[in-house]
Every structure is written in C-alpha cells, then in structure tokens.
Amino acid sequence: MTSRKFYALSVAATAAASAYPIYMGIATLAAALRDGAVDAAAYPKYVIPYAPLGLALLLAACLMPLLVKRLRRYALPAASLLAAAVFFACE
C-alpha cells in the first residue's frame, strides 16, 4: 500500500469515527449561540470530551503528511503535541 493511500484511508477512518461527535458538538454550540444556553434535557453528555477529541485527531491525521515532510522523525511527537493542544483549546 502506498503512503498516499495509507494517509487517505487514515483520514477517512478518522473522519468516519469522528463525524457524529463533531456534528453533535456543532449542534450543541449552535444551540448555545442561538438560545444563549443549552437545555439540560437536550444536552448530550458525551459531547464534552468526544467533539474536541475528534477535532484534534482529524486535524492531526490531515496534517501528518506535511509534518512527515517537514519534521521527518519528529513528526509523530509534533502531531501528538498539536492534537493535545487542539484538544485542550477546544475543551
């Protein structure tokens, strides 16, 4: 398998696994902006950790080819730090 196919499959799998949590995070954020708050009955409890986690993983997977090209052997630690920073910023 070529590296392009591997990266494409990695991004596709990460996007598929993160689609629902990211969608619910966007829906919750839209409700909060529209109504000023989110009703407790309509608030999905799993949105807090999973939406930022999905965003962080998806961003790291998308940027991995660039990081490998620029940082070579330090790409994985850089992607991990980037994903952690995005997670905590979104959290």
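Hi everyone, let me start with the pocket: in the lining of the largest pocket, α1 has the largest share, with six residues. Before I go on, please keep in mind that this is a predicted model.

So how much space lies in that largest pocket? About 320 Å³. There are 15 lining residues, and the closest to the centre of the pocket are Gly-25, Leu-29, Val-47, Ala-51 and Cys-90. At least two lining residues come from each of α1, which runs 3-35, and α2, which runs 47-71. If you sort the lining by class, you find twelve nonpolar residues, two polar ones and one charged.

Now let's look at α1 itself. With 33 residues at 1.5 Å each, α1 should span 48 Å, and its end C-alpha atoms are 46 Å apart, which agrees. On your screens, please find Ala-19: α1 has a kink of about 45 degrees there, shortly before the proline Pro-21. Just after the helix, at Gly-36, phi is positive, at about 90 degrees.

Which residues of α1 are buried? They are Thr-14, Ser-18, Pro-21, Ile-22, Met-24, Gly-25, Thr-28 and Ala-31. And what do they pack against? The partner of these buried residues is α2. Notice that Gly-25 is on that buried list, and that Gly-25 is also among the residues closest to the centre of the largest pocket.

Let me pick one residue from each helix. From α1 I chose Thr-28. Is Thr-28 buried or exposed? Its relative accessible area is 12%, and because buried means under 20%, Thr-28 counts as buried. Setting aside neighbours within four places in sequence, Thr-28 is in contact with Val-38, Tyr-43, Pro-44 and Val-47. We met Val-47 a moment ago, as one of the residues closest to the pocket centre.

From α2 I chose Leu-59. Here the relative accessible area is 33%, and Leu-59 is partly exposed, since that class lies between 20% and 50%. Not counting residues up to four places away in sequence, Leu-59 touches Leu-82 and Val-86. How far apart are Leu-59 and Ala-83? In sequence they are separated by 24 residues, while in space the C-alpha to C-alpha distance is 7.2 Å.

To pull this together: α1 carries a kink at Ala-19, its buried residues pack against α2, and both helices supply residues to the lining of the largest pocket. Thanks for listening, and I'm happy to go back to any of these residues on the screen.

Conventions: Residues numbered from 1 in each chain as written. Predicted model: local features only at pLDDT ≥ 70, side-chain atom pairs only at ≥ 80, totals over all residues. Heavy atoms only, no water. 1 Å grid on protein atoms, 1.4 Å probe; cavity = no way out; pocket = protein on both sides within 12 Å on 5 of 7 lines; lining within 4 Å. Points joined across faces, edges and corners; volume = space filled by probe spheres on them. Helix = DSSP H or I, 4+ residues; strand = E, 2+ residues; numbered from the N terminus. Nonpolar A, V, L, I, M, F, W, Y, C, P; charged D, E, K, R; others polar. Expected span 1.5 Å × (residues − 1). Bend = angle between axes of the 7 residues up to and from the residue. Buried < 20%, exposed > 50% of the residue type's maximum accessible area, 1.4 Å probe, protein only. Contact = heavy atoms within 4.5 Å.
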